[in-house]
Amino acid sequence: MSDQLTTAEHRLLWALVASGGEGFNDELGAAKKPRDSLKRAGLVEVETRKRQARKKKVSALYLQLTDAGWARCNQNMVWHKPSGKAER
C-alpha cells in the first residue's frame, strides 16, 4: 500500500474511529478492496465472529483498528472531500 490512502480507505478508517475502533463490516459499510488494502498495510485486523441475525447466529466479518491504524489516524490524517456532487 502506498503512503497515500484512497477516499474509500479514509472513509473506512474514519468509520472505525467513529465507532470506537471496531465494528462489524456491514455496519461500517466496508467494501472488500479498501478493507483488504488496510488489512495488508497492518492498519486493521479482520476476523470472523458470530452475531445474532433474527433467530439464528451467522458468521460476519469484524474489523478492529490496530495500534498502527490508530497512529495513522492521529497523524495528519485529514478528510479528503470526494470530487463530484455533494451527497445529500
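**View 1. Asp-36 is partly exposed, with a relative accessible area of 22%.** The model shown here is predicted. Asp-36 forms a salt bridge with Arg-35. The closest N and O atoms of this pair are 3.7 Å apart. Arg-35 counts as buried, at 9% relative accessibility.

**View 2. Asp-26, Glu-27 and Arg-51 belong to one network.** Salt bridges that share partners join these residues. Arg-51 meets Asp-26 in one salt bridge and Glu-27 in another. Across the predicted structure, the salt bridges number 5.

**View 3. Asp-26 pairs with Arg-51 in a salt bridge.** Their closest N and O atoms lie 2.7 Å apart. Asp-26 sits in helix 2 (residues 25–28) and Arg-51 in strand 2 (residues 44–53), so the bridge ties together parts that are 25 residues apart in sequence. Asp-26 is exposed, with a relative accessible area of 54%. Arg-51 is buried, with a relative accessible area of 19%. The cut-off for buried is under 20%, so Arg-51 falls in that class.

**View 4. The side chains of Glu-27 and Arg-51 meet in a salt bridge.** The N to O distance is 2.8 Å. Glu-27 belongs to helix 2 and Arg-51 to strand 2, so this pair ties together parts that are 24 residues apart in sequence. Glu-27 is exposed, at 55% relative accessible area. Its partner Arg-51 is buried, at 19%.

How values were computed
Residues numbered from 1 in each chain as written. Predicted model: local features only at pLDDT ≥ 70, side-chain atom pairs only at ≥ 80, totals over all residues. Heavy atoms only, no water. Salt bridge = Lys/Arg side-chain N within 4 Å of Asp/Glu carboxyl O. Helix = DSSP H or I, 4+ residues; strand = E, 2+ residues; numbered from the N terminus. Buried < 20%, exposed > 50% of the residue type's maximum accessible area, 1.4 Å probe, protein only.
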